[in-house]
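Thanks for coming, everyone. I have one chain to walk you through today. Please look at the screen.

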Amino acid sequence: MLEPDKELLEFMKCYDTLKNNCVEFISTEMTFPLRLEVLWKHKKTFKECRLDTDDIKTTFHVGVMKEGKIVSVGTFLEQRNKTFNEEKQYRLRAMATLPIMKNSGYGKQIVEFACKELKNRKIEILWCDAREKAVGFYEKLGFQTKGDFYDIPLIGKHKLMYYKLK
Ligand SMILES: CC(C)(COP(=O)(O)OP(=O)(O)OC[C@H]1O[C@@H](n2cnc3c(N)ncnc32)[C@H](O)[C@@H]1OP(=O)(O)O)[C@@H](O)C(=O)NCCC(=O)NCCS
């Protein structure tokens, strides 16, 4: 008999609590459908979409809901990058918008919502490994680039980008 997928069950439970047309904090499980569909096509299950850092206390996830669907997600975690001198750093990971909803301002809503929260937490800098195709998106939001492109296996070229919150 097939074992029930724990991640899927958690996701179904949370789905009922979704509000409409808003940006808000969401659970780890709510990020899985977009992570799987948009970001990590080489993975097969929700279970594989869980990051080690997803459920630690300082990590938070933000989602945009539109007409009963999660259309954009992003994950924000406390992590230092030695390139930056700032003491209080956060990293943005797994930022994704449903393909048919791209360029509608939802990704921007996620980052702006998170930056407000990060400022409340007195965080000084937000950084990310930006995919080559997403560099223009982050630049639009005021992020700056640092250094050259580097390769991340299975995914491709990335550039280190950052946004100073202070
Ligand atoms: C990158 C991504 C998250 C952007 O999300 P989005 O919801 O489409 O972004 P928004 O609509 O909020 O865009 C905000 C602004 O950036 C612009 N923009 C969006 N994607 C862009 C891109 N790839 N290059 C240049 N500009 C971009 C938008 O046109 C908009 O400009 P405006 O304010 O002048 O209207 C989305 O395209 C995506 O999921 N891509 C695939 C996964 C991915 O690469 N994720 C990033 C991993 S690092």
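First, a definition: helices here are DSSP runs of H or I with at least four residues, and strands are E runs of at least two, numbered from the N terminus. Keep in mind that this is a predicted model.

By that count, the chain has four helices and seven strands. Starting at the N terminus, the order is α-β-α-β-β-β-α-β-α-β-β.

Next, overall dimensions. The C-alpha trace covers about 50 × 35 × 30 Å along its principal axes. The radius of gyration is 16 Å, and a compact globule of 166 residues would come out near 15 Å, so the two agree. Of the 166 residues, 27% are buried. Now take contacts with a separation of 6 or more: 63% of them link residues 24 or more positions apart.

On to the strands. β1, residues 22–26, runs antiparallel to β2, with five bridges joining them. One pair to look at: Phe25 has Val62 in β2 as its bridge partner. β2 then pairs with β3, again antiparallel, through seven bridges. There, Gly63 stands opposite Val73 of β3. How many residues sit between the strands in the hairpin of β2 and β3? Two, and Glu67 in this hairpin takes a positive phi near 45°.

Now the core. In soluble globular proteins, nonpolar side chains tend to be buried together. In this chain, the largest nonpolar core has 29 residues. Which residues have the most contacts inside it? Ile110, Ala114, Leu118, Leu126, Trp127, Met161 and Tyr162. At least two core residues come from each of α2 (28–39), β2 (60–66), β3 (69–78), β4 (89–97), α3 (106–120), β5 (125–131) and β7 (156–164).

Zoom in on Leu126. Setting aside neighbours within four places in sequence, Leu126 contacts Tyr90, Leu92, Cys115, Leu118, Tyr162, Tyr163 and Leu165.

Last, the ligand. How many residues surround it? The shell has 21, and the closest are Thr97, Gly107, Lys108, Gly136 and Phe137. By class, that is nine nonpolar, seven polar and five charged residues. Which elements supply at least two shell residues each? They are α2, β4, α3, β5 and α4, the last covering 135–140.

Put the two lists side by side. α2, β4, α3 and β5 each give at least two residues to the core, and each also gives at least two to the ligand shell.

That's the tour. Over to you.

Notes: Residues numbered from 1 in each chain as written. Predicted model: local features only at pLDDT ≥ 70, side-chain atom pairs only at ≥ 80, totals over all residues. Rg over C-alpha atoms; globule rule 2.2 N^0.38 Å. Buried ≥ 20, exposed ≤ 12 C-beta atoms within 10 Å, placed from the backbone. Contact = placed C-beta atoms within 7 Å. Core = buried A, V, L, I, M, F, W, Y, C linked by C-beta atoms within 7 Å. Near = placed C-beta within 6 Å. Nonpolar A, V, L, I, M, F, W, Y, C, P; charged D, E, K, R; others polar. Pairing = 2+ DSSP bridges.
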